[in-house]
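Morning, everyone. Let me put today's structure on the screen, and then we'll walk through it.

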Amino acid sequence: MAVVALQAIRKSFGGRPVLAGIDIALAQGELVSLLGPSGCGKTTLLRILAGFERPDAGTVRLDGRDITALAANRRNMGMVFQSYSLFPNLDATDNVRFGPRVRGVPRAEQSRRAEHLLELVGLGGHRHKFPHQLSGGQQQRVALARALAVQPDVLLLDEPLSALDAKVRAQLRSEIRRIQRETGVTTVFVTHDQEEALSISDRVAVMNEGRMLQVASPAAIYREPADAFVARFIGAGAVLSGRADGPAVRVGAVALPAAAAAGHPAGTAVELFLRPEHVRLDPAATPPSGALAAEIRELTFFGSLTRVRLALDGIADSEAWADVASDRADGFQPGLRVWASWDAAAPRVLARV
């Protein structure tokens with residue numbers, strides 16, 4: 001049985017639809033990320049699950065029980081917000097003890113939970129420090145420990161890393177995943193950062209304009225996007241519009257190898273999606289089989305790899321990218337003519353809407 005189920009959830013504000021019939025279920029111990037651009041409805045959906053908002057229509061269920069009308073303080077859920085929201089006059093231990101104390105948990109058990117959870121989040125040596133004595137990352141760890149102290153059925157994380165710098169954010173997201181696995185708590189993680197969602201989730205739910213477009217594993221979301229929006233939103237890559245032509249997509253007079261195009265009737269308007277890691281570059285004078293002529297427009301250094309932006313010959317305003325190991329990119333420079341090729345099985349081909 002799914003621990004959490006949201007069924008046909010609809011919500012409008014001022015007559016403007018924000019959620020348009022959302023269905024999703026989470027299993028026990030699963031971490032699901034709600035991913036999408038600002039304004040897509042992901043935080044509203046989280047607030048409905050938490051009980052801070054009521055849906056206009058639809059049902060929220062927890063272990064099969066309808067909790068749609070249940071107040072937030074009667075749902076056993078822990079929440080971590082974008083801001084740390086710690087009590088400034090309480091030290092780390094008392095911040096973590098706060099939830100159990102309000103719920104009438106005996107003092108000894110409050111202390112046991114606080115000590116255990118502060119150790120779990122790596123702050124055992126900071127238990128007597130006040131929020132102003134802690135870094136941003138440490139404060140968010142205290143907030144996470146506080147949310148877990150009530151032993152929630154569901155943990156809700158509303159963009160908890162957005163206020164942190166990149167290095168701390170990467171470290172803390174790994175810690176969140178570790179802690180979630182150790183505790184086994186069912187978790188909903190809201191983010192607009194695809195790297196966060198792909199790196200820590202069991203499944204990712206991609207949202208746009210109040211609709212849930214695809215719910216799948218991170219690998220499936222990346223490799224097999226369900227539609228053009230998901231393909232564009234997740235990861236980098238070329239998006240080229242053309243028409244299916246057997247095992248190729250014809251863009252103007254150029255036929256781009258794409259085995260998946262064979263699944264569409266000839267002449268169908270389609271879009272081809274090609275990831276940078278699939279593109280091979282060859283500066284040789286003689287073209288490899290099936291290669292297209294291209295010109296390097298820009299190089300971006302990312303440490304171990306360099307991303308090369310290309311213009312494909314014969315396709316107006318086209319852009320494609322190739323990822324090249326940086327130690328093999330020394331000879332590449334803007335203006336250099338190269339041959340671009342890829343395995344025909346690599347591109348994703350979707351009907352153009």
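I'll take the sheet, then the helix on it, then a helix pair. One caveat up front: this is a predicted model.

Start with the sheet. Six strands make it up, and it is open. Read across, the order is E6-E7-E8-E3-E9-E10. The pairing is mixed. At the edges sit E6, residues 77–80, and E10, residues 211–216. Each of those two pairs on one side only. On average, neighbouring strands are turned by 15° against each other, ignoring direction.

Now zoom in on one pairing. E3 covers residues 31–35, and E8 covers residues 186–191. In which sense do E3 and E8 pair? Parallel, over five bridges. For a register point, take Ser33: opposite it stands Phe189 in E8.

Next, the helix on this sheet. H4, residues 136–149, packs there and touches E6 and E7. E7 is residues 154–158. The direction of H4 makes about 170° with that of E6.

Last, the helix pair. H2 spans residues 92–102 and H3 spans residues 107–120. Their axes are 9 Å apart, and the packing angle is about 130°. Therefore H2 and H3 count as oblique to each other. Their crossing is right-handed.

Who makes the contact? From H2, we have Ala92, Thr93, Val96, Arg97, Pro100 and Arg101. They meet Arg107, Gln110, Ser111, Arg113, Ala114, Leu117 and Leu118 in H3. By class, the contact has six nonpolar, three polar and four charged residues.

That's the tour. Questions, please.

Notes
Residues numbered from 1 in each chain as written. Predicted model: local features only at pLDDT ≥ 70, side-chain atom pairs only at ≥ 80, totals over all residues. Heavy atoms only, no water. Axes fitted to C-alpha atoms, helices over the stretch in contact; angles between N-to-C directions. Helix = DSSP H or I, 4+ residues; strand = E, 2+ residues; numbered from the N terminus. Parallel < 35°, antiparallel > 145°, perpendicular 65-115°, else oblique. Left-handed = near helix turned anticlockwise from the far one by under 90°. Contact = heavy atoms within 4.5 Å. Nonpolar A, V, L, I, M, F, W, Y, C, P; charged D, E, K, R; others polar. Pairing = 2+ DSSP bridges.
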